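Trainee: Could you take me on a close look at a single part of this structure? I would like to follow it step by step.

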Amino acid sequence: MADAQHNLKKIAAKKATLFSKGNIEYYVCTDCGKLYADRQGTGAIDASSVIIPKVSILSLLRSLFFK
């Protein structure tokens, strides 16, 4: 659906941390509640696809010591 048919609000990307999940940048229609990956509102995406899992301690240690 075109942008003219949706009232899209941009949700900024947020980095995941050890304590909280993050998310990719995406758009949500304030009228119908569907999520979109692009500003044009083409092709709805699933809510689980925008979530970035918490950073694990193991992956943090790997990034610090094995660059």
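Mentor: Happily; here is a walk around one strand and its surroundings. This is a predicted model, in which local features need pLDDT of at least 70, side-chain atom pairs count only at pLDDT 80 or more, and totals for chains, interfaces and linings use all residues. Residues are numbered from 1 along each chain as its sequence is written, and side-chain values use heavy atoms, with hydrogens and water left out.

Let's start with Asn23, which sits in strand β2 (residues 22-23); strands are DSSP runs of E with at least two residues, numbered from the N terminus. Asn23 counts as buried because its relative accessibility is 14% (buried is under 20% relative accessible area, exposed over 50%, partly exposed in between, with a 1.4 Å probe and protein chains only). Leaving aside residues up to four places away in sequence, Asn23 touches Ile11, Ala12, Ala13, Lys14, Val50, Ile51 and Ile52, where contact means heavy atoms within 4.5 Å. A polar atom of the Asn23 side chain lies 2.9 Å from the backbone oxygen of Ala12.

Now to Ser20, in the loop between β1 (8-11) and β2. With 29% relative accessibility, Ser20 is partly exposed.

Finally, consider charge. Side chains of opposite charge can pair when their charged atoms come close. The whole structure holds one salt bridge (a side-chain nitrogen of Lys or Arg within 4 Å of a carboxyl oxygen of Asp or Glu). Its partners are Lys10 and Glu25, at 3.3 Å from N to O. This pair links distant parts of the chain, 15 residues apart: Lys10 is in strand β1, and Glu25 is in the loop between β2 and β3 (26-29). Lys10 is partly exposed at 49%, and Glu25 is partly exposed at 35%.

Technical notes:
Helices (H or I, at least four residues) and strands (E, at least two) are DSSP runs, numbered from the N terminus. A polar contact is a pair of N or O atoms within 3.5 Å; within protein, one must be able to donate a hydrogen and the other to accept it, and residues adjacent in sequence count only if both atoms are side-chain atoms.
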